[in-house]
Amino acid sequence: MTQHVNESDVVATADGDVRPAQDAPERRAPSPRLAAAVVAGFTALAVGVSVVGGNLLNPAASTTDGDYAGETVELMIPLAEGGGTDTWARFVTTELTHAVPGSPGLAPVNDDGGEGILGTNHFMSSAEPDGTEVLVSTASTVVPYLLDMPAVRYDFNELRPILANGTGAVVYARTGAGVHGVEDLVDRGTPLVFGGIAATSLDLTTLLAFDLLSADVKATFGFEGRGPVNLALQRGEVDIDYQTTSSYGPAVEPLVEDGVAVPLFSLGQVDEDGEIVRDPNFPDLPTVVEVYEDLYDEQPDPGKLETYRAILALTYTYQKALWVPEDTPDEAVELLRSTADEMGRDPEFQKAAAEILGGYPIDASEDLPERIGEAYQVDDSVREDVLALLATDYDITIEQD
């Protein structure tokens, strides 16, 4: 046990021992001038040690000279370890830091509070704008931002993108539910049951697709992932589902081959002109727009189509991205972006990244900030349409600040 002794009650001897103060010889107090000189000297020494020691322990980042040597990039991953976004982020940023001149170190930090919101909030309020702190975004953090949920304290328009990477998805249904083609989505006697995780997650895009098509679908939420939904479909507990590109092959194709399920359409992609086009990984599957035209022989409602297009861009075309604070020096941003662009074009990287990226290229071109910035400028009408759909069809009301 450590015993605490009042310093006024003891005095140190020459050999380092201590004895009661009353046993010590009487000492004269120093003169005021001497005392002031001693205090001034210690103050100067303390300041000097603080400045020198501080610089040694926390050297200022030098990321504007085209060389990241000696730096460490801290990566905020606002989700739990081991998931798809975590795997993607660690792979891409490891390759990026190896490719950046100077080969900086990499320090991933996971913060899964609030399904991504808390970690993103923390980054927004505390990240240093020096090119050494990077944020990962994904649909889990983008959808709450879109919906202007009260817990969100971040604004992607106050961040700068380094790179983006998309993915895709296919909607498929159980043939045992009487679905053999897109025509079986409408005019049904009994609605199809969709298995979801949460309406305010990546599921939102699929829900908007059903709304656009006026499909006879009702949803049940609470599944822990798309894998459990796929198993529930095989057991006949749900009738319709979607799987992202990386999962479609192993999870759905065997069911299609066995006649248990039928693919209906892909969610599509938004091209550089803002048009919804076929997913390059599923060129034989129609988009939602094509399905609507086939079912109704006319164009979709312009308002609903714009809402779907806007959410598709946010949740799929630019699903994952790396960002730095708005005030990060231009030189550092350009170095990271151009390095990512060159890396994404490297055949060796493409080969190594094929499974992780799911067949979608790294997007780090010069006009990425303009395109992704436009995508993240969500019109109030789009937000209002989504909120109305959630409230009307799914009894979900989101308070607005």
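This report walks through a predicted model of one chain, from overall confidence down to single residues.

**Ground rules and confidence**

Residues are numbered from 1 along each chain as its sequence is written, and side-chain values use heavy atoms, with hydrogens and water left out. Since this is a prediction, local features need pLDDT of at least 70 and side-chain atom pairs count only at pLDDT 80 or more, while totals for chains, interfaces and linings use all residues.

The pLDDT (the predictor's confidence in each residue, from 0 to 100) averages 87 over the chain, with 84% of residues at 70 or more. Residues 1–30 stay under 50, and the model gives them 20 contacts beyond four places in sequence; a contact means heavy atoms within 4.5 Å. Residues 32–59 are also below 50, with 2 contacts beyond near neighbours in sequence.

**The overall fold**

The chain comes to 14 helices and 15 strands. Both are DSSP runs numbered from the N terminus: helices are H or I with at least four residues, strands are E with at least two. Of the 401 residues, 46% are buried, where buried means under 20% relative accessible area, exposed means over 50%, and partly exposed is in between (1.4 Å probe, protein chains only). Among contacts with a separation of 6 or more, 76% are between residues 24 or more positions apart.

**The six-stranded sheet**

One open sheet has 6 strands in the order β4-β3-β5-β14-β6-β15, with mixed pairing. The edges belong to β4 and β15 (362–363), which have a single partner strand each, so one side of each lacks a neighbour in the sheet. Strands count as paired if DSSP finds at least two bridges between them. Here are three of the pairings:

| Strands | Sense | Bridges | One bridge pair |
|---|---|---|---|
| β3 (residues 72–77) and β4 (residues 105–110) | parallel | 6 bridges | Thr-72 and Gly-105 |
| β3 and β5 (residues 133–137) | parallel | 3 bridges | Leu-75 and Val-134 |
| β5 and β14 (residues 320–325) | antiparallel | 3 bridges | Val-136 and Leu-322 |

Between β3 and β4 the chain passes through helix α2 (residues 84–99), giving a right-handed β-α-β crossover. Right-handed here means that, with the strands pointing away from the viewer, the path from the first strand over the helix to the second runs clockwise.

**Two residues up close**

Leu-75 lies in strand β3 and is buried, with a relative accessible area of 0%. Leaving out residues up to four places away in sequence, Leu-75 touches Ala-89, Thr-93, Leu-106, Ala-107, Pro-108, Val-109, Val-134, Val-136 and Leu-322. As for Val-109, Leu-75 is 34 residues from it in sequence, but their C-alpha atoms are 5.8 Å apart in space.

Thr-244 belongs to strand β10 (residues 240–244). Its relative accessibility is 16%, so Thr-244 counts as buried. Apart from neighbours within four places in sequence, Thr-244 is in contact with Thr-167, Gly-168, Ala-169, Leu-202 and Tyr-316.

**Two helices with a buried side**

Helix α14 (residues 380–394) has 15 residues, which at 1.5 Å a residue should span 21 Å; its end C-alpha atoms are 20 Å apart, which agrees. (The expected span is 1.5 Å times one less than the number of residues.) The buried residues of α14 are Val-382, Arg-383, Val-386, Leu-387, Leu-389, Leu-390 and Tyr-394. They sit on the same side of α14, because their arc around the axis is only 155°; the arc is that of the directions from the helix axis to the C-beta atoms. On the other side of α14, Asp-380, Glu-384 and Thr-392 are exposed. The cover over the buried residues of α14 includes α4 (139–146), α5 (203–213), β9 (217–220) and α10 (302–317). Just after α14, Asp-395 takes a positive phi of about 55°.

In helix α6 (residues 226–234), Arg-226, Val-229, Asn-230, Ala-232 and Leu-233 are buried. Their arc is only 160° around the axis, which places them on the same side of α6. Covering the buried residues of α6 are elements including β7 (169–174), β8 (192–195), α5, β10, α7 (245–251) and α8 (253–257). A positive phi turns up just after α6 too, at Gly-236, with a value of about 85°.
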